[in-house]
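This report describes side-chain contacts and the burial of the residues that make them. Please keep the sequence and the structure at hand while reading.

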Amino acid sequence: MKQTHRGFRVIDDRGLDWGHAALKLFSRAKRLGIWNPEDMDFRRDREDFSRLEEPEREGIMHLLALFGAGEESVVSNLVPLLHVAGEEGRLEDELFLAAFLWEEAKHVEAFRRFADGVGIHGDLHEYHGENYRYLFYEALPQSMSRLYNDHSPEALAEGLVTYNLVIEGVLAETGYRAWYDMLKEHGIMPGMVETVGLIQRDEARHIAFAVYSLSRLAAEHGSPVWEAVQERLGQLLPSAVGVVT
């Protein structure tokens, strides 16, 4: 853990690498990530939700339980990536990850505002099945917490695969697309349609950061990184498929 600073990049002769992939993503975050969950209007969503049949309302609550908790989980587990970037002096990565964390925090707020706006109350943990619990309750926090003590390329690759490729890529991106298309097709819940569209745009940047990071690690450290990626995907994809099913 860093105890002292020896200097600061922003004022030394190195400056910032304006062509860096992470800074390009940071620039997009500043342009495209400026939206406020408080501005989402869920009044029509509340009317639509009240007119749904019970199985349909159950489906919406199930999705809310998965995505809302998923967003809270990624907020709670992102800080170790910031920690590693700081320890390694990767200031460009840190700047983007700061925006990354802010965006995920807004996603959490957006889902709670949706729940309150349409009148969904009570405990929804019952919708979390065995596969979901393994991924979000165990695999994600364990792989990310490891980074506080283990900065090896393999540990970082495992964390990126777990967080960005499986949780955000396989589950969130595909799930959000399905939810968006379902609501759009039926012409209901325009507030959630707008919200999911904005969240998808944010998540695309997060996944792009993982692709850049894994590519960098593979270029610098070779086959051990790719072996760690493949091994972790093999461990997690069955549970990810189970969640989708």
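## Salt bridges

Arg 113 and Glu 109 are joined through their side chains by a salt bridge, with an N to O distance of 2.7 Å. The model in which this contact appears is a predicted one. Both residues belong to helix α5, where Arg 113 and Glu 109 are 4 residues apart, or about one turn of the helix. Arg 113 is partly exposed, its relative accessible area being 36%, and Glu 109 is likewise classed as partly exposed, at 26% relative accessibility.

The structure holds 16 salt bridges, and two others that involve Glu 220 can be described alongside the pair in helix α5. In one of them Glu 220 meets Arg 90, with the closest N and O atoms 3.9 Å apart. This pair links distant parts of the chain, since Glu 220 lies in helix α8 (residues 190–221) and Arg 90 in the loop between α4 (79–87) and α5, 130 residues apart. The distance of 3.9 Å is counted as a salt bridge because the cut-off between the side-chain nitrogen and the carboxyl oxygen is 4 Å.

Glu 220 also forms a salt bridge with Arg 216, at 3.2 Å from N to O. Here the partners are 4 residues apart within helix α8, so Glu 220 and Arg 216 are separated by about one helical turn. Through shared partners, salt bridges join Glu 88, Arg 90, Arg 216 and Glu 220 into one network.

How exposed is each of Glu 220, Arg 90 and Arg 216? Glu 220 is partly exposed, with a relative accessible area of 44%, and Arg 90 is partly exposed as well, with a value of 24%. Arg 216, by contrast, is buried, with a relative accessible area of 13%; the class follows because buried means under 20%.

The three salt bridges described above are set out here.

| Pair | N to O distance |
|---|---|
| Arg 113 and Glu 109 | 2.7 Å |
| Glu 220 and Arg 90 | 3.9 Å |
| Glu 220 and Arg 216 | 3.2 Å |

## Aromatic rings

The count of aromatic pairs comes to 11. One of these pairs is formed by Phe 42 and Phe 114, whose ring centres are 5.5 Å apart and whose planes stand at 75°, so the arrangement is edge-to-face. Phe 42 lies in the loop between α1 and α2 (43–51), whereas Phe 114 is part of helix α5 (residues 91–118), so the pair ties together parts that are 72 residues apart in sequence. Both rings belong to buried residues: Phe 42 has a relative accessibility of 7%, and Phe 114 has a relative accessible area of 0%.

The contact between Phe 42 and Phe 114 is also part of a wider arrangement, in which ring pairs link Phe 42, Phe 67, Phe 111, Phe 114, Tyr 176 and Trp 179 into a cluster. An aromatic ring is involved in another kind of contact where Lys 106 lies over the face of Trp 102, at 4.1 Å from the ring centre.

## The segment before α1

Phe 8 is found in the segment before α1 (21–32), and Arg 9 lies in that segment too. Are Phe 8 and Arg 9 buried or partly exposed? Phe 8 is partly exposed, with a relative accessible area of 48%, while Arg 9 is buried, with a value of 15%.

Together with Val 10 and Ile 11, Phe 8 makes a nonpolar surface patch of about 350 Å². The side chain of Arg 9, for its part, reaches the backbone oxygen of Gly 89 at a distance of 3.4 Å.

## Two further buried residues

Met 189 lies in the loop between α7 (153–186) and α8. Although Met 189 is not a glycine, it has a positive phi of about 50°, and with 0% relative accessibility it counts as buried.

Ala 65, found in helix α3 (residues 54–76), is also buried, with a relative accessible area of 6%. Its C-alpha atom is separated by 16 Å from that of Ser 76, and Ala 65 and Ser 76 are 11 residues apart along the chain.

How values were computed:
Residues numbered from 1 in each chain as written. Predicted model: local features only at pLDDT ≥ 70, side-chain atom pairs only at ≥ 80, totals over all residues. Heavy atoms only, no water. Patch = residues over 30% accessible without salt bridge, like charges linked within 9 Å, V, L, I, M, F, W, Y side chains within 5 Å. Areas by Shrake-Rupley, 256 points an atom, 1.4 Å probe, with all protein chains shown as cover. Helix = DSSP H or I, 4+ residues; strand = E, 2+ residues; numbered from the N terminus. Buried < 20%, exposed > 50% of the residue type's maximum accessible area, 1.4 Å probe, protein only. Phe/Tyr/Trp six-rings, centres within 6.5 Å; stacked < 30°, edge-to-face > 60°. Lys NZ or Arg CZ within 6 Å of the ring centre and 35° of its normal. Polar contact = N/O pair within 3.5 Å; in protein donor to acceptor, adjacent residues only side chain to side chain.
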